[in-house]
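Visitor: Could you walk me through one part of this protein up close? I'd like to hear about a sheet and how its strands pair.

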Amino acid sequence: MSLKIVSEAVPNTFEFETSALIKASGFREYDARWWFGHPGSAEPPELNLIGVQALGMGLGTLIRRLGAGPDIVTGHDFRSYSLAIKLALVSGLMAAGARVRDIGLALSPMAYFAQFALDTPSVAMVTASHNENGWSGVKMGAARPLTFGPEEMSALKTIVLAGDFDLVGGGSYEFVADFRKTYLDDLTRDKRISRKLKVVAACGNGTAGAFAPEALERIGCEVVPLDVELDHTFPNYNPNPEDMKMLHAIRDKVLETGADVGLGFDGDGDRCGVVDNEGNEIFADKVGVMLARDIARLHPGSTFVVDVKSTGLFNTDAALRAEGAVTDYWKTGHSYIKRRVAELGAIAGFEKSGHFFFNPPIGRGYDDGLITAIAICQMLDRSPTSSMADLYRDLPLTFGTPTMSPHCADELKYGVVERVVSDFQAMKQDGTDFAGQKIADLITVNGVRVVAEDGTWGLVRASSNKPELVVVVESPVSSERRRQMFEAVDAVLRRSPEVGAYNQTF
């Protein structure tokens with residue numbers, strides 16, 4: 001192996017054109033994300049195309065060592081640089097003997113579907129997901145419908161950074177033509193609804209614009225398109241259904257057109273955000289409760305998995321309890337929830353970020369924003385006298401926040417969270433009042449979720465894919481208690497000078 005692996009290199013230099021730039025911190029807990037850069041960007045890149053080639057060599061080596069064989073599906077999202085990155089990845093995969101099946105421009109769930117439809121065990125989807133322009137990465141798996149977790153990502157990181165490649169040759173490349181039609185046919189088969197629904201489909205000019213409107217039309221919806229034209233400059237807002245700017249745009253279009261529901265999709269189409277017919281932006285964990293109610297009525301005794309950022313209603317909602325539903329709170333992250341859903345045989349898993357996972361008979365276990373959108377339309381179809389706002393109002397009232405992310409460097413964020421966890425553990429042990437009450441519970445499966453005596457809670461964890469922390473607060477009591485908890489949690493965070501400004505608050 002003659003590639004020189006480096007963690008820093010300046011563009012427009014000899015070293016940048018002759019070395020594999022691949023920063024170690026880009027290997028994250030369950031996928032890979034790097035700042036690739038774009039013209040005019042002042043931020044130094046963390047990855048170059050030779051680095052992507054090295055990543056492909058490492059991935060091709062790993063899937064063979066895992067016993068998954070040489071066959072792998074690949075695709076790319078709609079960014080100005082994603083195709084180049086994918087082709088560099090493919091060249092590395094082929095050097096390591098991989099037999100690559102390329103489905104072209106795709107959503108991440110379309111690539112996961114291809115693992116089943118093409119009977120191909122492994123996947124490498126080139127996508128920056130909802131990250132801003134300039135970011136890129138790869139979502140990977142070698143055991144459908146699962147994607148890599150920390151163990152596989154650690155093994156890949158070790159192989160790549162050490163240049164420990166098995167370059168056996170004998171790789172091959174096949175472009176799979178017209179796979180978009182195969183995916184949409186499967187997605188919408190036997191899913192037609194009888195209720196006439198007007199649906200805003202918002203795509204933020206990202207990849208989902210080429211898929212979501214047609215999928216919704218096929219099941220019988222009247223579609224109001226919003227920013228569905230593909231434009232990798234993202235001229236209106238970043239395609240991220242957790243971003244309030246996108247949710248506000250959906251709200252405005254719903255109110256303007258009198259739509260029954262607004263659905264927003266992220267950059268690679270594996271997440272879905274929801275706005276009701278009255279313009280209320282429904283956080284994804286509450287959408288999850290609504291869907292869980294609908295599913296539990298059809299399948300009593302169902303098990304659901306939710307992430308630690310999600311509302312406490314999954315445990316306390318009387319309607320779910322009446323159907324014998326059981327909920328397991330687990331680590332945030334699409335790979336973690338996906339794996340937990342599979343382990344427990346749960347019918348569905350929900351993340352506050354908008355990743356929803358459905359096992360048979362609804363889905364195949366992976367996260368697909370279009371399957372989620374169709375499930376929401378079917379829920380409305382089964383409730384012909386209720387609007388989306390009616391279903392939302394029927395939930396017990398809680399006061400939650402959006403996901404708020406203060407900046408914290410990748411190299412520092414886990415250490416900060418460890419200190420925060422220790423601080424809360426000390427407060428609980430000492431019986432110290434926190435946000436005006438004693439600490440009733442600490443959930444530390446993923447960062448720390450501190451729960452007060454009245455059920456108000458606050459979460460702090462490290463983001464798995466960006467240099468940020470994640471903060472979420474909810475109160476079943478009042479907006480004042482929500483504010484009190486947020487300010488108390490933030491005061492603990494501010495003990496660490498490494499913690500920067502929030503991307504958004506409430």
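Guide: Here is the sheet, followed by the protein around it. Bear in mind that this is a predicted model, where local features need pLDDT of at least 70, side-chain atom pairs count only at pLDDT 80 or more, and totals for chains, interfaces and linings use all residues. Residues are numbered from 1 along each chain as its sequence is written, and side-chain values use heavy atoms, with hydrogens and water left out.

The sheet is open and has six strands, running in the order β18-β23-β22-β21-β20-β19 with antiparallel pairing. Its edges are β18 (399–400) and β19 (433–434), each pairing on one side only. Strands here are DSSP runs of E, at least two residues long, and helices are runs of H or I of at least four, both numbered from the N terminus; two strands pair if DSSP finds at least two bridges between them. Zoom in on β22 (residues 457–462) and β23 (residues 469–475): six bridges link them in the antiparallel sense. Across that pairing, arginine 461 sits opposite valine 470 in β23.

Stepping back, the protein holds 16 helices and 23 strands. Its C-alpha trace spans about 60 × 60 × 40 Å along the principal axes. Of its 506 residues, 62% are buried, meaning under 20% relative accessible area with a 1.4 Å probe, protein chains only. Take contacts (heavy atoms within 4.5 Å) between residues at least 6 apart in sequence: 69% of them join residues at least 24 apart.

Methods
Buried < 20%, exposed > 50% of the residue type's maximum accessible area, 1.4 Å probe, protein only.
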